[in-house]
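Me: I would like to learn how to read a fold step by step, moving from a single residue out to the sheet, the helices, the cores and the pocket. Could we work through one example together?

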Amino acid sequence: MTPPGSARAPRVVRLRSRPGREAHFLDVQRRVWAPGMAAAGGMLGGLVTRLDAHRYLVTTLWSGAAAHAHSAAGHLPALRERAAPGADLHSVTGHLLPLETAWRVLPQR
């Protein structure tokens with residue numbers, strides 16, 4: 001397995017849930033998105049962060065922009081259909097953030 005520290009393209013998605021849909025949203029994250037994304041080639045890790053009652057950040061780490069693009073084109077549509085996010089989410093905004101490897105700071109070993 002490739003370590004998350006070798007990620008070259010994190011994707012950060014800002015989500016706003018519909019009132020009363022938070023528990024279902026988190027359940028879908030566990031049952032659908034987490035195993036589905038773990039099976040995507042080039043995905044190195046991810047997490048869901050709750051900012052407040054209705055706002056979340058979902059961060060995934062990718063081996064590179066090409067791996068994310070391949071997953072978005074081939075893997076993501078089926079996951080999105082299974083998850084049916086429209087029922088849970090009011091808004092979704094995401095960005096792929098290519099990293100400048102020269103600026104990376106990692107702990108010394």
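Reply: Let us begin with one residue and ask what it touches beyond its own stretch of chain. In this predicted model, Val 92, with neighbours within four places in sequence left aside, is in contact with Val 13, Arg 14 and Leu 15.

Me: Where is Val 92 found, and how many residues apart in sequence are Val 92 and Arg 16?

Reply: Val 92 is found in strand 4, which covers residues 89-96. Val 92 and Arg 16 are 76 residues apart in sequence, yet 6.7 Å separates their C-alpha atoms in space. The pairing of strands is the next thing to read: strand 1 (residues 9-17) and strand 4 pair in the antiparallel sense over 7 bridges, and Arg 16 stands opposite Ser 91 in strand 4.

Me: In what order do the strands form the sheet?

Reply: To read a sheet, one follows the pairing from one edge to the other. Here 4 strands form an open sheet in the order 2-3-1-4, with antiparallel pairing. The edge strands, each pairing on one side only, are strand 2 (43-50) and strand 4, and the twist from one strand to the next averages 15 degrees.

Me: Which strands does helix 1 touch as it packs on the sheet, and which does helix 2 lie across?

Reply: For a helix on a sheet, one reads both the strands involved and the angle. Helix 1 (residues 22-38) packs on the sheet and touches strand 1, strand 2, strand 3 (55-62) and strand 4, its direction making about 5 degrees with that of strand 3. Helix 2 (residues 65-74), in turn, lies across strand 1, strand 3 and strand 4, and runs at about 115 degrees to strand 3.

Me: How many residues has the largest nonpolar core, and which helix gives the most to it?

Reply: A core is read by its members and by the elements that supply them. The largest nonpolar core has 12 residues, among them Val 28, Trp 33, Trp 62 and Leu 79; helix 1 and helix 3 (76-83) each supply at least two of its residues, and helix 1 gives the most, with 4 residues. A second, separate core of 6 residues includes Val 13, Leu 15, Phe 25 and Val 58.

Me: Which residues are closest to the centre of the largest pocket?

Reply: For a pocket, one reads the space and then the lining. The largest pocket holds about 690 Å³ of space; of the 29 residues that line it, Val 13, Gln 29, Trp 33, Met 37 and Val 58 are the closest to its centre. Helix 1 gives the most to this lining, with 8 residues.

Definitions and conventions
Residues are numbered from 1 along each chain as its sequence is written. This is a predicted model: local features need pLDDT of at least 70, side-chain atom pairs count only at pLDDT 80 or more; totals for chains, interfaces and linings use all residues. Side-chain values use heavy atoms; hydrogens and water are left out. Contact means heavy atoms within 4.5 Å. Two strands pair if DSSP finds at least two bridges between them. Axes are lines fitted to C-alpha atoms, for helices over the stretch in contact, and angles run from 0 to 180 degrees between N-to-C directions. A nonpolar core is a set of buried Ala, Val, Leu, Ile, Met, Phe, Trp, Tyr and Cys residues joined through side-chain atoms within 4.5 Å. Buried means under 20% relative accessible area, exposed over 50%, partly exposed in between (1.4 Å probe, protein chains only). On a 1 Å grid over the protein atoms alone, a cavity is a set of points where a 1.4 Å probe fits but cannot get out, and a pocket is an open set with protein on both sides within 12 Å along at least five of seven lines; lining residues have an atom within 4 Å of a point. Grid points are joined across faces, edges and corners, and a volume is the space filled by probe spheres set on the points.
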